[in-house]
Structures are given as C-alpha cells and as structure tokens.
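The following paragraphs lead through the architecture of one protein chain, from its sheets to individual residues. Please keep the sequence and the three-dimensional view at hand while reading.

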Amino acid sequence: MASQSDYKATVIDGKAIAQTIISEIAGEAHQLSQKYGKVPGLAVVIVGNRKDSQSYVAMKRKACAEVGIKSFDVNLPEEVPESELIGKVHELNANPDVHGILVQLPLPKHINEEKVLGEISLEKDVDGFHPLNIGKLAMKGREPLFQPCTPKGCLELLSRSGVSIKGKNAVVVGRSNIVGLPVSLLLLKADATVSIVHSRTPDPERLVREADIVIAAAGQARMIKGSWIKSGAAVIDVGTNAVDDPTKKSGYRLVGDVDFEEASKVAGWITPVPGGVGPMTVAMLLRNTLDGAKRVIEK
C-alpha cells in the first residue's frame, strides 16, 4: 500500500487539452471551406436571462468564431410561448446552413424541456440529448449520431492523459440526464465496470474507495474527500459550485465536487476546477458540430 506522501497527482490541464482539440477542429473546418466552399453552422438558442446560461452561451459563441464555425444566435424572452420556441427549432431544422442546434438548458418552468429537445432534428442534435441518441448510447453495438458533450469531454480527458478505461472499476457520482447517466453509459461502452452513486446510496464512500476512475457530477461542493480516493486513481471533477470567498471581488469562488487539496495528494490524476472539464465541454460541442457538418457536406 502506497503511503499518502508517495503520490502527487498529475493535474490534468483541461484548458490545454481543449486548446489542442480546438486547433484540430479549426484545421478541419478550414479544409472543409477550402474544398467545398461551406462552413459548419451552429445555432445556439437561449431563452430568458439567467446569468449562468448567458455566460455559457457567450463562451460557446466565442469559441465558434475561434474555429471558423458560423454561429446562428437565437435569443428569446423568458415568457416566450412553448409553441413559438418549437417553431424556431423547426426553422433551424429546415435551414441547410445550420448543422447543429443547441438549446441552452434549463428552460423556463412553463416550457416542457423533453418536448422541445425531442423536436430537434436527430442529425443536428449536437448536445446528444435527443431520446433516440441517448437510447442508442445505451445499447450494445449501436452508436448515437452524437455523444453528449460533457461526458464525451470526460472520456477524452482520460484518453489524452493516457488513462486506460478497459476493465477498470469506474464510479460515477450523480445520475443526472446531462452528465451522470450518459457518462456511465460511455464508460460501459469503453469496457469499464461501472457503479453509479447517488443521493439514495447508503454508503457512497465504500464504493468510491474501490474506484480506479471517479467521475464526480453530484453538484455538492467538496463532497468527495481525499480519504475516499484510492491511491493512484484518476479523478474527473465535473462539479462547479460557488462557495463564499471574501477575498474575491465577486465574493465567491468555484470549487468542484471533490476536495482538490486532499485528493491531489492521493490520486494519480485529477482535474482542477475551474480549468478541467469546463473547457472540454465547449471543445466537444465544436467537435460534434464539425462532425455533423462533415456528414452533410461530404456526402
């Protein structure tokens, strides 16, 4: 058994890995426009004015510009009727210059999220949340047209850091439709033995301690302690939680679902928050958009 001091985790630099991916995408997008005179197009739809959603959307639109993807901006008021939003989605489905459609979640209470997501054309579902894409993700021997961006980014961080998944014990903490569930399906596809820990799990620590790979996506600040982490494990922290910090101008700072200070003494690899999974989510969105465009343009 290695003593605590034997390990100092390799900090996985999500920003740098995302930058590498973004330059790969920019190169391919450039080739596409050279050869076919067409550029990939991504429509980003935002409803209302949630601060966090607005900053995510601004980030996504800026990233598009960086790689040569044309961004179609759709900004709708908080009180937009569901039927009008669905009408917009249909318009984008029909627009041949749009290869990806992203509806920023969460949507206002009066709009049925499931209904709206189900209206996005399968071929343009770059978020990978259409029930048919998730269904294919769940089935052996089937592949969705698009894998959800954050889960795909988590696996990309592991593979680009040289962490193998096949035959490993992977524990996913959290079971949301956006991260926990799809990332566990992706790990299963990659031949991991997968456990999912959630709010009704009586003894989460017992399961996490067995994990070679931990994906933390519970939305609970520093819930996972260093003592929970097996020596040398790979830890991917999807959490972004604001905690009070009077020394910061904003009055708060972001921390993950893992206690980084403690865990980095024990783990083999760990992602920081911020600068870990976040930048990868955007890079994967661009990758999915490019892939969708190539499917159409190179046909």
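Val45 stands opposite Val74 of strand E3. In this predicted model, Val45 belongs to the pairing of strand E2 (residues 41-47) with E3, which is parallel and extends over 7 bridges. These two strands are part of an open, parallel sheet of 3 strands in the order E3-E2-E4. Strand E3 (70-76) and strand E4 (100-103) are the edge strands; each has a single partner, so one side of each lacks a neighbour in the sheet. From one strand to the next, the twist averages 15°. Helix H2 (residues 51-67) packs on this sheet and touches E2, E3 and E4. The direction of H2 makes about 165° with that of E2.

UniProt, in an unreviewed entry, lists residues 12-127 as "domain: Tetrahydrofolate dehydrogenase/cyclohydrolase catalytic". Over residues 12-127 the chain is 52% helix and 16% strand, and the C-alpha atoms at the two ends of this stretch are 24 Å apart. A further annotation in an unreviewed UniProt entry, "domain: Tetrahydrofolate dehydrogenase/cyclohydrolase NAD(P)-binding", covers residues 148-295. There the chain is 34% helix and 19% strand, with the end C-alpha atoms 18 Å apart.

The other sheet to be considered is an open one of 6 strands with parallel pairing, in the order E1-E11-E8-E7-E5-E6. Why is one side of strand E1 and of strand E6 left without a neighbour in the sheet? Strand E1 (10-11) and strand E6 (193-197) stand at the edges, and each has a single partner strand, so no strand adjoins the remaining side of either. Within this sheet, strand E5 (residues 169-173) runs parallel to strand E7 (residues 213-216), and 4 bridges join them. Val172 stands opposite Ile215 in E7. Helix H7 (residues 180-189) packs on the sheet, where H7 touches E5, E6 and E7; the direction of H7 makes about 170° with that of E5. Helix H6 (residues 149-160) lies across E7 and strand E8 (234-237), and H6 runs at about 150° to E8.

Helix H7 also has a helical partner. H5 and H7 pack at an angle of about 35°, and their axes are 9 Å apart. On the H5 side the contact is made by Ile134, Lys136, Leu137 and Ala138; on the H7 side it is made by Pro182, Leu185, Leu186 and Lys189. By class, this contact of H5 with H7 comprises 6 nonpolar and 2 charged residues, with no polar ones.

Two loop residues may now be considered in turn. Leu145 lies in the loop between helix H5 (131-138) and H6. Is Leu145 buried or partly exposed? Its relative accessibility is 33%, and Leu145 therefore counts as partly exposed. Apart from neighbours within four places in sequence, Leu145 is in contact with Leu122, Glu123, Asn133 and Arg295. Leu145 and Gly128 are separated by 17 residues in sequence, while their C-alpha atoms are 7.7 Å apart in space.

Gly256 is found in the loop between strand E10 (252-255) and helix H9 (260-263). The relative accessible area of Gly256 is 5%, and Gly256 is therefore buried, the cut-off being under 20%. When neighbours within four places in sequence are set aside, the contacts of Gly256 are Gln220, Ala221, Arg222, Asp237, Gly239, Asn241 and Val273. One of these, Gly239, is 17 residues away from Gly256 in sequence and 4.4 Å away in space, C-alpha to C-alpha.

The chain as a whole completes the account. The protein has 10 helices and 11 strands, and its C-alpha trace spans about 60 × 40 × 40 Å along the principal axes. What radius of gyration would a compact globule of 299 residues have? The expected value is near 19 Å, and the protein has 20 Å, which agrees. Of the 299 residues, 48% are buried. Among contacts with a separation of 6 or more, 68% are between residues 24 or more positions apart.

Key
Residues numbered from 1 in each chain as written. Predicted model: local features only at pLDDT ≥ 70, side-chain atom pairs only at ≥ 80, totals over all residues. Heavy atoms only, no water. Pairing = 2+ DSSP bridges. Contact = heavy atoms within 4.5 Å. Axes fitted to C-alpha atoms, helices over the stretch in contact; angles between N-to-C directions. Buried < 20%, exposed > 50% of the residue type's maximum accessible area, 1.4 Å probe, protein only. UniProt positions renumbered as here; feature names shortened; annotations may be inferred. Nonpolar A, V, L, I, M, F, W, Y, C, P; charged D, E, K, R; others polar. Rg over C-alpha atoms; globule rule 2.2 N^0.38 Å.
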